[in-house]
Amino acid sequence: MLLYLLFAGVTDVIERIMGLHNINNLPLLHFYTIAEYLFILRFFQLSINKSGVSWIIWALFILFPLLSVLDFLFIQNIYEYNSYPRPISALIIIGLCMYYFLNYSNQENKTPWVTIPVNWIVTGLLIYFSSSFAYFAFLNLITQKASDNLYFIFGGIHATLVLLMYLMVAAGFLQVKNEG
């Protein structure tokens, strides 16, 4: 998860620099979406660690990147927002979050929920991706139809959700520190 956060931070800086120089940074978002998805999928692969789910996760490792590449090669222009792969990625991550919590609830846990680092991280991912799903799906439409004020409101809400996710991940990291 730490590698994902570092990757996200570096990518964000590069996107900002490209934006400041009036360079379309949406091709970077297409590749970011694939990499983000792979980082998070790997996190779930390690967290869930069940043999019955392992083959599904391996299939998802292959299928989504393939779909994303096909999207920017044949369906959506790489210089436009990737409104098909991004919400599909969000749905898969939401499903993995729900599976994690379902699996967690079926176990006898003597450890308090708040002291388990993965719980915090999965909660952050669930809040962010479930709240941003509609934003991902309709951002091209919002960009075309919404006023500048509404566009910035949606952007502010999205930035707040990202911040909330990062705070939850930080809470998970703090629990790891307390375990050691």
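Aromatic rings in a predicted model

Colleague: Why does Trp 58 count as partly exposed?
Modeller: In this predicted model, Trp 58 has a relative accessibility of 48%. Buried means under 20% and exposed means over 50%, so 48% falls in between and Trp 58 counts as partly exposed.

Colleague: How many aromatic pairs does the structure hold?
Modeller: The structure holds 14 aromatic pairs.

Colleague: What makes the pair of Phe 43 and Phe 44 edge-to-face?
Modeller: The ring centres of Phe 43 and Phe 44 are 5.3 Å apart, with the planes at 70°. Centres within 6.5 Å make a pair, and planes over 60 degrees apart make it edge-to-face. Both conditions are met, so the pair is edge-to-face.

Colleague: How do you know that Phe 43 is buried, and why does Phe 44 count as buried?
Modeller: The cut-off for buried is under 20%. Phe 43 has a relative accessible area of 10%, so it is buried. Phe 44 is at 0%, so Phe 44 counts as buried too.

Colleague: Why is the pair of Trp 58 and Phe 61 called tilted?
Modeller: The centres of these two rings lie 5.2 Å apart, and their planes are at 40°. Stacked needs under 30 degrees and edge-to-face over 60; 40° is neither, so the pair of Trp 58 and Phe 61 is tilted.

Colleague: Where do Trp 58 and Phe 61 lie?
Modeller: Both are in helix α3 (residues 51–75), 3 residues apart, which is about one turn of the helix.

Colleague: Is Phe 61 buried or exposed?
Modeller: Phe 61 has a relative accessible area of 16%. That is under 20%, so Phe 61 is buried.

Methods
Residues are numbered from 1 along each chain as its sequence is written. This is a predicted model: local features need pLDDT of at least 70, side-chain atom pairs count only at pLDDT 80 or more; totals for chains, interfaces and linings use all residues. Side-chain values use heavy atoms; hydrogens and water are left out. Rings of Phe, Tyr and Trp (its six-membered ring) pair if their centres lie within 6.5 Å; planes under 30 degrees apart count as stacked, over 60 as edge-to-face and the rest as tilted. Buried means under 20% relative accessible area, exposed over 50%, partly exposed in between (1.4 Å probe, protein chains only). Helices (H or I, at least four residues) and strands (E, at least two) are DSSP runs, numbered from the N terminus.
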